[in-house]
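Colleague: Please take one part of this protein and go through it closely, residue by residue where that helps, and then show me how that part sits within the whole. I would rather have a careful account than a quick one.

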Amino acid sequence: MTQEFVTHSPAETQALGERLAAQLAGGEVIAFTGGMGAGKTAFTRGLAIGLGAGDVASSPTFALVNEYQGRLILDHFDMYRIETWEDLESTGFFDYLESDRVLAIEWSENIEGALPEKRIAVDIQPGQGEDQRRITIDGWKGWL
């Protein structure tokens with residue numbers, strides 16, 4: 001099922017992440033696509049808040065993965081700099097797939113071949129105006 005949303009601020013994008021988080025049970029893979037500054041981290045911040053970890057999410061660009069502890073563990077990956085299979089293996093990514101953690105993966109298109117078929121795809125694109133975003137969520141069976 002595909003759902004489309006329009007947000008008008010980073011706070012609204014974050015709130016959409018919070019709404020999704022309330023419905024997660026663990027083991028979900030959330031694959032983000034969208035350009036630099038699109039709002040992927042704002043959405044993930046909402047996931048962390050919605051899972052009870054607090055306002056802790058920041059871009060893991062240099063760490064590659066950040067872990068946030070709440071009702072469920074949220075692992076926040078940034079795959080922007082991943083170029084090879086060896087790069088991906090060095091992150092320990094495949095071990096995370098075998099867990100009941102929620103994985104939020106920015107720049108997921110860089111690891112398309114490694115993503116599970118069953119995933120929630122979140123595409124964030126600019127809308128009209130500086131802060132408007134068009135967000136498409138595919139693979140989620142519930143209503144947000």
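Modeller: What follows starts with the overall frame, turns to a pair of helices, and then moves on to the loop and the rings beyond them.

Please keep in mind throughout that this is a predicted model. The protein chain contains 4 helices and 7 strands, and, read from the N terminus, these elements follow one another as β-α-β-α-β-β-α-α-β-β-β. For 144 residues a compact globule would have a radius of gyration near 15 Å, and the 14 Å of the protein chain agrees with that. Along the principal axes, the C-alpha atoms occupy a box of roughly 40 × 30 × 30 Å. Of the 144 residues, 47% count as buried, and among contacts with a separation of 6 or more, 61% join residues 24 or more positions apart.

The part I would look at closely is helix 1, together with what lies against it. Helix 1 covers residues 10-21, and its 12 residues reach 17 Å from the first C-alpha to the last, close to the expected 16 Å. The buried residues of helix 1 are Thr13, Gln14, Leu16, Gly17, Leu20 and Ala21. Viewed down the helix axis, these buried residues fall within an arc of 155 degrees, so they line one face of helix 1. The cover over them includes strand 1 (2-7), strand 2 (29-33), helix 2 (40-50) and strand 7 (133-138).

Glutamine 14, a residue of helix 1, gives a detailed view of the side towards helix 2. Its relative accessible area is 18%, and because buried means under 20%, glutamine 14 counts as buried. Setting aside neighbours within four places in sequence, glutamine 14 is in contact with Ala42, Arg45, Gly46 and Ile49. Among these partners, Ala42 and Gly46 belong to the buried residues of helix 2.

Helix 2 itself has 11 residues, and 8 of them are buried, so this helix is largely enclosed by the rest of the structure. The buried residues are Lys40, Thr41, Ala42, Phe43, Thr44, Gly46, Leu47 and Ala48. Lysine 40, although charged residues may catch your eye for other reasons, deserves mention here for its place over the face of tryptophan 107, at 4.2 Å from the ring centre. Helix 2 is followed by glycine 52, whose phi is positive, near 85 degrees.

Beyond that glycine, the loop between helix 2 and strand 3 (65-69) holds alanine 53, which counts as buried at 18% relative accessibility. Leaving out neighbours within four places in sequence, alanine 53 is in contact with Ala48, Tyr68, Gln69 and Gly70, and one of these, Ala48, is a buried residue of helix 2. Alanine 53 and leucine 72 are 19 residues apart in sequence, and their C-alpha atoms are 8.6 Å apart in space.

Leucine 64 also has its place in the loop between helix 2 and strand 3, but at 23% relative accessibility leucine 64 counts as partly exposed. Its C-alpha atom is separated by 22 Å from that of alanine 21, a residue 43 positions away along the chain. Not counting residues up to four places away in sequence, leucine 64 touches His76, Phe77, Asp78, Ile82 and Thr91.

Phe77 leads on to the aromatic rings. The model has 6 aromatic pairs. Phenylalanine 77 and phenylalanine 93 form an edge-to-face pair, with 5.3 Å from centre to centre and 85 degrees between the planes. This pair links distant parts of the chain, since phenylalanine 77 lies in strand 4 (residues 73-78) and phenylalanine 93 in helix 4 (residues 93-97), 16 residues apart. Phenylalanine 77 is buried at 0% relative accessibility, and phenylalanine 93 is likewise buried at 0%. Tryptophan 85 and phenylalanine 94 have ring centres 5.4 Å apart and planes at 40 degrees, so theirs is a tilted pair. Tryptophan 85 is partly exposed, with a relative accessible area of 44%, and phenylalanine 94 is partly exposed at 26%. Ring pairs join Phe77, Trp85, Phe93, Phe94 and Tyr96 into a cluster.

Definitions and conventions: Residues are numbered from 1 along each chain as its sequence is written. This is a predicted model: local features need pLDDT of at least 70, side-chain atom pairs count only at pLDDT 80 or more; totals for chains, interfaces and linings use all residues. Side-chain values use heavy atoms; hydrogens and water are left out. Helices (H or I, at least four residues) and strands (E, at least two) are DSSP runs, numbered from the N terminus. The expected span of a helix is 1.5 Å times one less than its number of residues. Buried means under 20% relative accessible area, exposed over 50%, partly exposed in between (1.4 Å probe, protein chains only). The arc is that of the directions from the helix axis to the C-beta atoms. Contact means heavy atoms within 4.5 Å. Rings of Phe, Tyr and Trp (its six-membered ring) pair if their centres lie within 6.5 Å; planes under 30 degrees apart count as stacked, over 60 as edge-to-face and the rest as tilted. A charge sits over a ring if NZ of Lys or CZ of Arg is within 6 Å of the ring centre and within 35 degrees of the ring normal. The radius of gyration is taken over C-alpha atoms; the globule rule is 2.2 Å times the number of residues to the power 0.38.
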